[in-house]
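Subject: Structure handover

Hello,

Here is the structure for you to look over. My notes on what turned up follow below it.

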Amino acid sequence: MLSRLLKEHQSKQTERKELQEGRRREAITAATCLTEALVDHLNVGVAKAYVNQRKLDHEVKTLQVQAGQFSKQTGQWISMVEGFNQALKEIGDVENWARSIEMDMRTIATALEYVHKGQLTSASS
């Protein structure tokens with residue numbers, strides 16, 4: 001009787017150990033699946049962040065190139081406008097010079113007319 005009770009006890013302990021071992025394996029499997037799912041979820045976020053960072057880097061490079069081109073074109077426009085302003089100043093200088101010459105010529109013409117009229121009146125008298 002005692003040996004039978006011992007055998008029953010040992011068999012129940014073996015069943016419990018096997019049940020415990022099965023639960024342990026299930027817990028390990030579940031924990032592994034959870035860990036893999038979390039890592040996959042995090043990797044998706046990291047991958048998206050990496051792709052976005054590469055896109056941003058590309059956009060920054062493009063923007064830098066365009067800003068350089070814009071700066072160069074702006075410099076060219078400034079040079080052209082300065083040249084245009086200089087040309088306008090020169091035209092204004094030429095115009096003033098031409099007016100001055102014209103006034104001098106009128107003065108000379110008036111003086112010559114006056115002298116010519118004076119000679120005509122002296123010759124006729």
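A salt bridge here is a side-chain nitrogen of Lys or Arg within 4 Å of a carboxyl oxygen of Asp or Glu. By that rule, the structure holds five salt bridges.

Two points on the source. This is a predicted model, where local features need pLDDT of at least 70, side-chain atom pairs count only at pLDDT 80 or more, and totals for chains, interfaces and linings use all residues. Residues are numbered from 1 along each chain as its sequence is written, and side-chain values use heavy atoms, with hydrogens and water left out.

**Overall form**

The chain has one helix and zero strands (DSSP runs, numbered from the N terminus: helices are H or I with at least four residues, strands are E with at least two). Helix H1 covers residues 2-124. The C-alpha trace spans about 180 × 15 × 10 Å along its principal axes.

The radius of gyration is 53 Å, whereas a compact globule of 125 residues would have one near 14 Å. That radius is taken over C-alpha atoms, and the globule rule is 2.2 Å times the number of residues to the power 0.38. One pair gives a feel for the spacing: His 116 and Val 44 are 72 residues apart along the chain, and their C-alpha atoms are separated by 105 Å. His 116 lies in helix H1.

**Surface**

How much of the chain counts as buried? The figure is 0% of the 125 residues. Buried means under 20% relative accessible area, exposed means over 50%, and partly exposed is in between (1.4 Å probe, protein chains only). His 116 is partly exposed, at 46% relative accessibility.

The accessible surface of the chain is about 11800 Å², and 63% of this belongs to carbon and sulfur atoms. Areas come from the Shrake-Rupley method with a 1.4 Å probe; for residues, only the protein chains shown count as cover.

There is a nonpolar patch on the surface, formed by Val 94, Trp 97, Ile 101, Met 105, Ile 108 and Leu 112. Together they have about 630 Å² of accessible area. Patches take residues with over 30% relative accessible area and no salt bridge; like charges are joined within 9 Å, and nonpolar side chains (Val, Leu, Ile, Met, Phe, Trp, Tyr) within 5 Å. Trp 97 sits in helix H1. Its relative accessible area is 55%, so Trp 97 is exposed.

**Charges**

The chain carries 17 positive and 16 negative side chains. The centres of the two sets lie 18 Å apart. Lys and Arg count as positive, Asp and Glu as negative; His and the chain ends are not counted. The place of a charge is NZ of Lys, CZ of Arg, CG of Asp or CD of Glu.

Now the salt bridges, including these:

- Glu 95 and Arg 99 pair at 2.5 Å, N to O. They are four residues apart in helix H1, so about one helical turn separates them. Glu 95 is partly exposed at 41%, and Arg 99 is partly exposed at 46%.
- Glu 21 and Arg 25 pair at 3.7 Å, N to O. These two are also four residues apart in helix H1, about one helical turn. Glu 21 is partly exposed at 28%.
- Arg 106 and Glu 102 pair at 2.6 Å, N to O. Four residues and about one helical turn separate Arg 106 and Glu 102 in helix H1. Arg 106 is exposed at 54%, while Glu 102 is partly exposed at 39%.

Glu 21, Arg 24 and Arg 25 are joined into one network by salt bridges that share partners.

Best wishes
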